[in-house]
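Open the model in your viewer and keep the sequence panel beside it. We will go from stop to stop, selecting one thing at a time and looking at what surrounds it.

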Amino acid sequence: MVTSLRLIAAVLAATMLMSPDRVQSQPLPVNGTPENGPGVSAELATRRRNTISEVQYALHLTVGTGDTARGRVVVSFTHRGTGDVLLDFRGLEVGAGEINGTPWSATAAWNRHHVTIPGAQVRPGRNTVALTFASPVASAGAAIIRTRDLTDSSTYLYTLLVPSDANLLFPVFDQPDLKARLQLALTTPASWRALANGAPERKDSAGALVTHHFRETAPISTYLMAFAAGPWRVHERHEPLMNGGAPQSMSLYVRQSRAREAESDTLLAMNARALRWLGSYFGVAYPFGKYDALLAPAFPFGGMEHPGAVFYNEESFIYREPPTMSQLLGRQATTFHEVAHQWFGDYVTMQWFDDLWLKEGFATFMAARMQAALEPQSNAWKTFHLRNKPVAYATDATAGTTPVWQSLANLDQAKSNYGPIVYNKAPSLLRQLEYLVGDEPFQRGVQQFLARHAFGNATWQALLEAIGTASGRDLSNWGKHWMLRPGLPIVSQQLEVANGKVTRLRLVQRPAQPALSSAEAWPLKVQVLLHYAGRPAVRIPIEMTRDTTDISAARGLPVPEFVFANDGDYGYALVLPDARSVAWLERHIGSVRDDLLRAQLWGAMWDLVREAQFDPRRFAAMALSALPGERDEQISATLVARMVTSATRYVAPSVRDSLMPAVQRTLARGAADTSRPYGQRKTQLDAWISVARSAPAMDSLRAWIPRDSVFGLALRAPTRWSMVQQLVARGAPDATVLIDSMRTRDRTTEGERQAFVARAGLPNADNKLMLFTRWFNDRSLNEEWVTSSLRTFFDGDQQTLTAPFLIPALDTLPWIQQNRRIFFLGSWLSAVIGSQRSPDALQRVDGWLSAHPALPADLRQKILQSRDELERTVRIVNTNWKASSLK
């Protein structure tokens, strides 16, 4: 075993960091940082917003297979006021410059964060500043990401600037409310193709190089500027982008080696369909002219909404084995989300990243609204519930939660604002708001908002003002509670009955985190359901404004089978059923026919488990009983995941061992049941692989890898890799042979990634240390590979091996915040802390937090969000449950 001292020394040497407190006092910007310090401070952004306008960039970049991009930018802007003007840039070098035609020593004016344009040389009105510069190109940690296809040795480049990396690419006013017109020229190897925001204009060839010229764009924010270059295969299709419009060219860019696998026509048609529907809903036709898309390899997000050049995650859009319904719906939801951004995010952009939810929350909500309208049979609001509510509630109930509107002192800290609060809570609140004001007033308000701020910027107050005006409601109090107040309400049902009648039904509201949220009640409109057998259900709309709401309309009604206080899923609250309802649901939940309601009821029972009010063994028994009869693929997948968690993480090891035979039998039967949809069967096979621990189970995995099918399901490379990774993590003596054999069988870039993931799970202390260090030292290692390997490295059954990394992993957080992409920090902490289950690990996390009182608030909040699952696990496992009714 590696000693803690040796491990910590290796980590500190790899990351070149001091303590988080020391790091905060050096590069991490906070309020009061000089304007020319790291990042873009809110003060600098405000000053520039008030003094600079009508920005244009004429940008010429030369790129290839090397590590450096060289370029020249001409920045034109209108200036009013006095004082120096700062351009933001943290690339590799700055060279010759000119200010309004006069030569200027730009190199001396650069402090590696900003280029200072002397106020004495800036004139009132129009100014032009020209600079040469160099920027990095790398697999990670650069604005230009390079990937190499191991199948054919091709090199591909694409940019990713969100939220604060435009200034890593070129000297720029890097803030969302200084929108600019971009005219790009890109010089590449002659065999390469290029894609950018603007439409292609012409190509100029010069020997082995070609320069691609693109038309000037409409005004867009800097984080939305984008290009891609490489030997892409381009598929063209003609589709109308507005209802009644003429067909126009759309193109999909795909790697050569994967072009045959891509459903190019299907994907382009899906994008076009979304553009038409949204244009009609918003009352604004697609505003950016041309529309193309790229399937980006090793892309760290699901997608990125660059106007005119949307990038999607290749691995989520091209399947190496038959996709499940959940995967197909997920691909559609991602497409609809990114297309919705063309209006919310691109056409109208938040003023500052404190209002990040304004684009992300709206895009997610509109994706569901569109899915419900275009494909009513998809039961889109059930999908919306399952994809958003559980993760939103889980985060919002923690001590690390934040308001939807998140104060932001510096653009460098914007990465911390990304997460479930803006992506999952915010769209849930929009669903609640639409229910509160009505569908038509909501739509009219959104249309007024877009018309008023076309090609501009806005805030949450402006949105609520527009919707409030359209609906005739004052939404200021709603906004105060739901935009500015952290946390969520827990609503407990209290049902009293006598002589077969309801004598009292009350809803009692309390904050999940009283110290953060205060005790004041949230304004909450819900629909209360009383469910009966053999007679129509009773639905009662209720607006909650106090801690306790007495539902007088329920008094005197016959006793229902169960009550649920969020029918239709309109409200945002964690609803805990009353004891009478719980008793009925435990026996009969599978008989509820409404899919959305059944999904919600399963969620409510799961929330009781997480609140340590319902024995996880009883939940596992419910799931084992209900799974054979559950025919909804999405509910089934969610139920399988919760059953596995309740039977493995939330119980003591001895209880887990007693539950596993029944769990594996049920999963095997489900996978083999040919009467079920493919997706249900595949989900249960995947779960069986994940829980395999016993010697017979290991033997089965080893025997299945070379086979063509298992349980009648065809086997492909992704599932074979899952089997290999499970065998490796469980300590197979021939682990390296298994990995190498599978690599020989799967000679693709994805195969190499999966081999990397498998090696991360080797239960060997020296291997763990080597990889942990490599994560921070190796710039050739793509970030998406690192993210994928976290799951196997921090395997839940390897806590003895991974516990020594807990504190060093926390020590690296400032480096991670500065050098990794927006979602990596959350993934890192979920793996590092979430893989632990012991009271000792909880104490060590709490001790680390106590020892770092100066830790930036955003990092502390992220740790507390991940700590919550560890604390719940410890509490649930150590609860003295009463005798269970398990058979």
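Start by selecting Ile540, which you will find in strand β25, residues 538-544. This is a predicted model, so everything on this tour is computed from predicted positions. Is Ile540 buried or exposed? Its relative accessibility is 9%, and buried means under 20%, so Ile540 counts as buried. Now show what surrounds Ile540: setting aside neighbours within four places in sequence, its contacts are Val526, Gln527, Val528, Leu530, Ile551, Ala553 and Ala554. Pick Ala554 from that list and draw a distance between the two C-alpha atoms. Ile540 and Ala554 are 14 residues apart along the chain, and their C-alpha atoms are separated by 8.1 Å.

**Next stop: an open sheet**

Select strands β15 to β19 together. They form an open sheet of five strands in the order β15-β16-β17-β19-β18, with mixed pairing. Why do β15 (233-239) and β18 (303-304) each have one side without a neighbour in the sheet? These two strands stand at the edges with a single partner strand each, so one side of each is left free of a sheet neighbour. As background, strands of a sheet pair through backbone hydrogen bonds, and the pairing can be parallel or antiparallel.

Now colour β17, residues 291-296, and look at its partners. β17 runs parallel to β19 (residues 309-313), and five bridges join the two. To see a matching pair, highlight Asp292, which stands opposite Ala309 in β19. β16 also runs parallel to β17, joined by four bridges. Here the pair to highlight is Tyr253 with its bridge partner Leu294 in β17.

How many of the six residues of β17 are buried? The count is six of six. Turn the strand to check each face: Tyr291, Ala293 and Leu295 are buried on one side, and Asp292, Leu294 and Ala296 are buried on the other.

**Helices against the sheet**

Keep the sheet on screen and add helix α7, residues 325-340. α7 lies across β17, β18 and β19, and runs at about 155° to β19.

Then go to Leu267, whose place is in helix α5. With a relative accessibility of 3%, Leu267 counts as buried. Beyond residues up to four places away in sequence, Leu267 touches Leu252, Leu295, Phe317 and Arg331. You have already met Leu295, as one of the buried residues of β17. For a longer view, draw a line from Leu267 to Ala140: they are 127 residues apart in sequence and 28 Å apart in space, C-alpha to C-alpha.

**On to a loop**

Select Ser139, in the loop between β7 (125-138) and β8. Ser139 is buried, with a relative accessible area of 13%. Show its side chain and look for the backbone oxygen of Arg146, which it reaches at 3.4 Å. Apart from neighbours within four places in sequence, Ser139 is in contact with Ile145, Arg146, Arg779, Ser780, Leu781, Asn782 and Glu783.

**A well-covered helix**

Now select helix α24, residues 749-760. Its twelve residues reach 17 Å from the first C-alpha to the last, close to the 16 Å expected at 1.5 Å a residue. α24 is mostly covered, with eleven of its twelve residues buried. Among them are Thr749, Arg753, Phe756 and Val757. What do the buried residues of α24 pack against? Show β8 (144-148) together with α6 (314-317), α22 (717-729), α23 (735-745), α25 (765-777) and α26 (783-793) to see these packing partners.

**A buried lysine**

Select Lys389 in helix α9, residues 380-396. At 0% relative accessibility, Lys389 counts as buried. Leaving out residues up to four places away in sequence, Lys389 touches Phe384, Ser428, Asn566, Asp569, Gly571 and Tyr572.

**Zoom out**

To finish, show the whole protein chain, which has 32 helices and 30 strands. Its C-alpha trace spans about 90 × 70 × 60 Å along its principal axes. For 887 residues, a compact globule would have a radius of gyration near 29 Å, and the 28 Å of this chain agrees with that. Of these 887 residues, 62% count as buried. Counting contacts with a separation of 6 or more, 72% come from residues 24 or more positions apart.

Note on methods:
Residues numbered from 1 in each chain as written. Predicted model: local features only at pLDDT ≥ 70, side-chain atom pairs only at ≥ 80, totals over all residues. Heavy atoms only, no water. Pairing = 2+ DSSP bridges. Contact = heavy atoms within 4.5 Å. Axes fitted to C-alpha atoms, helices over the stretch in contact; angles between N-to-C directions. Expected span 1.5 Å × (residues − 1). Buried < 20%, exposed > 50% of the residue type's maximum accessible area, 1.4 Å probe, protein only. Polar contact = N/O pair within 3.5 Å; in protein donor to acceptor, adjacent residues only side chain to side chain. Rg over C-alpha atoms; globule rule 2.2 N^0.38 Å.
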